[in-house]
Amino acid sequence: MTDTASPASRQVPDRLRSRLGRAIRSWEVLLIAVAVAVFTFNALASPYFLNAWNLSDATFNFTEKAMIAFAMALLIIAGEIDLSVASIIALASTAMGAAAQVGAGTPELVAIGLGVGLLCGAFNGALVTGLGLPSIVVTIGTLSLFRGISYMVLGDRSFGGYPTSFAWFGQGYVWWVITVEMVIFALCALTFWVLLHRTSFGRQVYAIGNNPTGALFSGIRVRRVKFTLFLLTGLMSGLAAVCLTSRLGSTRPSIAQGWELEVVTMVVLGGVNILGGSGTIPGVVLAAIIMGMVTFGLGLLNVPGIVMSIFVGLLLIAVIALPRLVTLVRARWA
Amino acid sequence: MHLIRTREAQLTLAILAVLVLIAWRFPGFVTPGNLANVFNDTAPLILLALGQTVVILTRCIDLSVAANLALTGMAAAMVNVAFPGLPIPVIILGAVAMGAALGAINGMLVWKLSIPPIVVTLGTLTIYRGLVFVLSDGQWVNAHEMSAPFTALPRATFLGLPVLSWLALLGVAAFMALVRYLPLGRSFYAVGGNPSAAIYAGIDPGRTQFAAFTLSGAVAGLTGYLWVARYQVAYVDIAGGFELEVVAACVIGGISIAGGAGTILGALLGALFLGIVKNALPVVGISPFWQLAISGAAIVIAVIANGRAQRRPGRQILRKEAPA
């Protein structure tokens with residue numbers, strides 16, 4: 001699916017830019033600037049924005065999606081993609097709902113949610129790494145399959161009646177305005193930061209994304225690493241399903257519809273190269289916060305959800321198109 | 001023996017097997033009249049699968065076709081309501097042009113900025129779908145608002161078949177001729193099979209991909225009018241998620257997602273297979289809610305089968321890692 005265009009001749013500068021110079025030009029600094037701009041704009045546009053409780057509510061716009069985005073970032077850096085994440089949420093949520101009907105307690109429900117997520121991830125991973133199939137089509141297929149199973153089970157009905165203690169994940173507060181989901185989000189961010197930037201596993205993910213054949217010849221177990229990444233993505237989708245189901249308190253087969261797009265947008269906006277090989281977790285964290293604040297701000301201005309999705313789509317294309325346009329224009333002038 | 005190994009022959013057998021199975025319990029399903037109805041019902045899927053096929057042949061994918069269909073369909077319906085006297089051929093031409101323009105936007109982004117097609121069309125999918133809402137302000141255009149000639153065309157019968165069916169057949173014939181006899185059609189295969197070799201043969205891969213996207217968009221635009229006119233209603237969510245069915249039809253039809261391999265006949269059979277299953281479900285007494293899972297399972301099985309078929313020895317000297 002990717003273009004195999006020959007790489008442009010690379011110019012190696014005599015002297016690298018200073019550490020500070022590189023830091024200022026980095027994608028993350030740009031994202032911080034955008035975040036500040038969005039925050040300021042929202043604060044000026046609506047009198048209801050600068051309110052601790054409103055801001056706390058606004059985090060629900062991104063915490064669940066960001067959990068998946070961290071794992072998806074690693075997967076995309078390694079040169080694969082998983083478009084079935086939103087359908088995994090639907091299936092995991094349906095399984096939890098079915099278990100709740102027969103009286104499962106909160107620990108069982110969480111285990112079922114995470115377990116279904118893992119199984120779905122393993123299914124994707126086995127097809128991609130075991131049979132060597134392209135991840136885009138495989139996960140387009142499982143996108144239909146997983147949500148399809150939810151529809152088979154639920155049809156036009158819905159599951160409810162979750163135990164009261166289950167509501168803690170999506171509706172609980174740890175302290176003052178700090179929600180349980182915020183804490184889970186922060187823990188996930190930290191875990192994935194360590195995993196990607198501080199372990200040999202993380203280095204292997206970059207190596208695979210930059211040159212799978214080279215990575216294989218360097219002794220990296222490419223297929224095993226990729227399979228692990230699919231497992232992680234499934235697991236995080238399961239975790240997101242636990243949080244979302246707990247927050248909504250009910251399960252419909254259309255739950256989290258279209259989230260795969262927002263998760264991929266989050267990852268790409270965070271500076272992860274869609275072709276693999278580069279990207280950072282802090283970038284994804286910033287992108288998640290920006291997207292959450294943009295949708296929250298638009299919501300305060302009474303913009304309907306479907307119009308917001310136009311912004312998300314434009315954002316996705318613009319973020320990738322702009323740097324390429326700049327290089328195109330520069331090349332023409334030079 | 002060789003013939004049996006082709007995807008087209010296998011699919012034909014599978015379709016016949018499904019028909020025999022259904023006929024065994026429900027003979028009414030396989031009467032010519034009902035089969036013609038099933039074909040007519042599948043016509044939009046066939047049309048879109050034709051456009052999708054040439055896009056996939058060039059190593060791309062177009063997930064925006066259903067949103068394109070909804071946007072052009074809504075525009076056609078609103079133009080008809082605003083100017084009831086406007087001749088239908090003008091509306092159809094307008095729909096095709098608008099669909100082609102929307103497809104060309106995808107094509108330009110892929111060609112000039114080399115953004116991966118999956119990202120481009122995931123983005124334009126939501127943008128086009130959102131624009132339907134902006135255009136219509138969330139309102140429906142209902143049957144009584146549309147003019148009689150506008151809604152009559154797809155249903156008008158000619159030699160016993162509705163115009164909609166004829167257009168699908170015409171599309172199949174046109175695309176078969178295109179990929180077989182025209183330089184553009186051959187270059188779809190060349191670009192998908194080996195882009196570097198295509199460059200040396202004087203074919204611009206980006207330009208060819210642009211042409212494929214424009215073609216797919218034009219077909220989606222035409223189908224947009226046909227859809228709205230046939231069902232006599234236009235609203236934001238028409239054909240929601242239909243892009244997956246279209247991709248499914250192509251993958252089941254043996255169009256390789258890696259590009260460069262697949263036939264128009266395969267796409268037609270893939271679409272017919274899905275169409276027959278979809279129409280048979282309520283007859284056999286299975287809830288229509290099963291359809292999504294069935295087409296999902298069909299995609300997964302077809303992808304596995306395609307992967308096996310393409311792993312022929314001696315075709316590639318160095319095994320390329322699966323591209324993202």
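Helices and strands here are DSSP runs, helices of at least four residues and strands of at least two, numbered from the N terminus. Keep that in mind, everyone, as we look at our first residue. Our model is a predicted one.

So, where is B:Leu153? B:Leu153 sits in the loop that runs between helix 6 (148-152) and strand 1 (157-158) of chain B. Is B:Leu153 buried or exposed, or somewhere between? Its relative accessibility is 29%, so B:Leu153 counts as partly exposed. Leaving aside residues up to four places away in sequence, B:Leu153 touches B:Ile88, B:Ile92, B:Val163 and B:Tyr225. You can also try a distance on your screen: B:Leu153 and B:Ala173 are 20 residues apart along the chain, and their C-alpha atoms are separated by 21 Å.

Let's stay in chain B for a moment. B:Ser136 belongs to helix 5 (residues 117-136) of that chain. With a relative accessibility of 6%, B:Ser136 counts as buried. Which residues does B:Ser136 touch, if we skip those up to four places away in sequence? They are B:Met74, B:Met78 and B:Val236.

Now for some backbone angles. B:Arg59 is not a glycine, yet its phi is positive, at about 70 degrees. You will find B:Arg59 in the loop between helix 2 (32-57) and helix 3 (65-82) of chain B. B:Arg59 has 16% relative accessibility and therefore counts as buried. Chain A offers another case: A:Ala256, also a residue other than glycine, has a positive phi near 60 degrees. A:Ala256 lies in a loop too, the one between helix 12 and helix 13 of chain A. At 9% relative accessibility, A:Ala256 is counted as buried.

On to charges. Side chains of opposite charge can pair when their charged atoms come close. How many salt bridges does a search of the whole structure find? Over all chains, the search finds six. Let me walk you through some of them in chain A.

A:Glu64 pairs with A:Arg247, with the closest N and O atoms 2.8 Å apart. A:Glu64 is in helix 4 (residues 63-77) of chain A and A:Arg247 is in helix 12 (residues 222-248) of chain A, so this salt bridge ties together parts that are 183 residues apart in sequence. The partners also have their own settings. A:Glu64 counts as buried, at 0% relative accessibility, while A:Arg247 is partly exposed, with a relative accessible area of 26%. There is a network here as well: salt bridges link A:Glu64, A:Glu181 and A:Arg247.

Next, A:Glu262 forms a salt bridge with A:Lys65, and there the closest N and O atoms are 2.9 Å apart. This pair links distant parts of the chain, since A:Glu262 is in helix 13 (residues 259-269) of chain A and A:Lys65 is in helix 4 of chain A, 197 residues apart. A:Lys65 counts as buried, at 11% relative accessibility.

One more pair: A:Glu80 and A:Lys226 form a salt bridge, their closest N and O atoms being 2.9 Å apart. Again distant parts of the chain are linked: A:Glu80 is in the loop between helix 4 and helix 5 (85-101) of chain A, and A:Lys226 is in helix 12 of chain A, 146 residues away. Both A:Glu80 and A:Lys226 are buried.

What about the meeting of the two chains? The contact takes 49 residues from chain A and 48 residues from chain B. Together, chain B and chain A bury about 4,400 Å², and 78% of that is on carbon and sulfur atoms. How many salt bridges are there between chain B and chain A? The count is zero.

Finally, let's look at the spaces. The second largest pocket has a volume of about 1,600 Å³. It is lined by 49 residues, and the closest to its centre are A:Gln257, B:Gly240, B:Gly241, B:Phe242 and B:Glu243. By class, its lining has 25 nonpolar, 14 polar and 10 charged residues.

Searching the whole structure for cavities of 30 Å³ or more gives two. The second largest cavity has a volume of about 30 Å³. Around this cavity are B:Leu274, B:Val277, B:Lys278, B:Gln291, B:Ile294 and B:Ser295. Helix 12 (264-284) and helix 13 (291-310) of chain B each supply at least two residues of that lining. By class, the lining of this cavity has three nonpolar, two polar and one charged residues.

Thanks for listening, everyone!

Terms used. Residues numbered from 1 in each chain as written. Chains lettered and ligands numbered in written order. Predicted model: local features only at pLDDT ≥ 70, side-chain atom pairs only at ≥ 80, totals over all residues. Heavy atoms only, no water. 1 Å grid on protein atoms, 1.4 Å probe; cavity = no way out; pocket = protein on both sides within 12 Å on 5 of 7 lines; lining within 4 Å. Points joined across faces, edges and corners; volume = space filled by probe spheres on them. Nonpolar A, V, L, I, M, F, W, Y, C, P; charged D, E, K, R; others polar. Salt bridge = Lys/Arg side-chain N within 4 Å of Asp/Glu carboxyl O. Buried < 20%, exposed > 50% of the residue type's maximum accessible area, 1.4 Å probe, protein only. Contact = heavy atoms within 4.5 Å. Buried area = accessible area lost by both parts, 1.4 Å probe.
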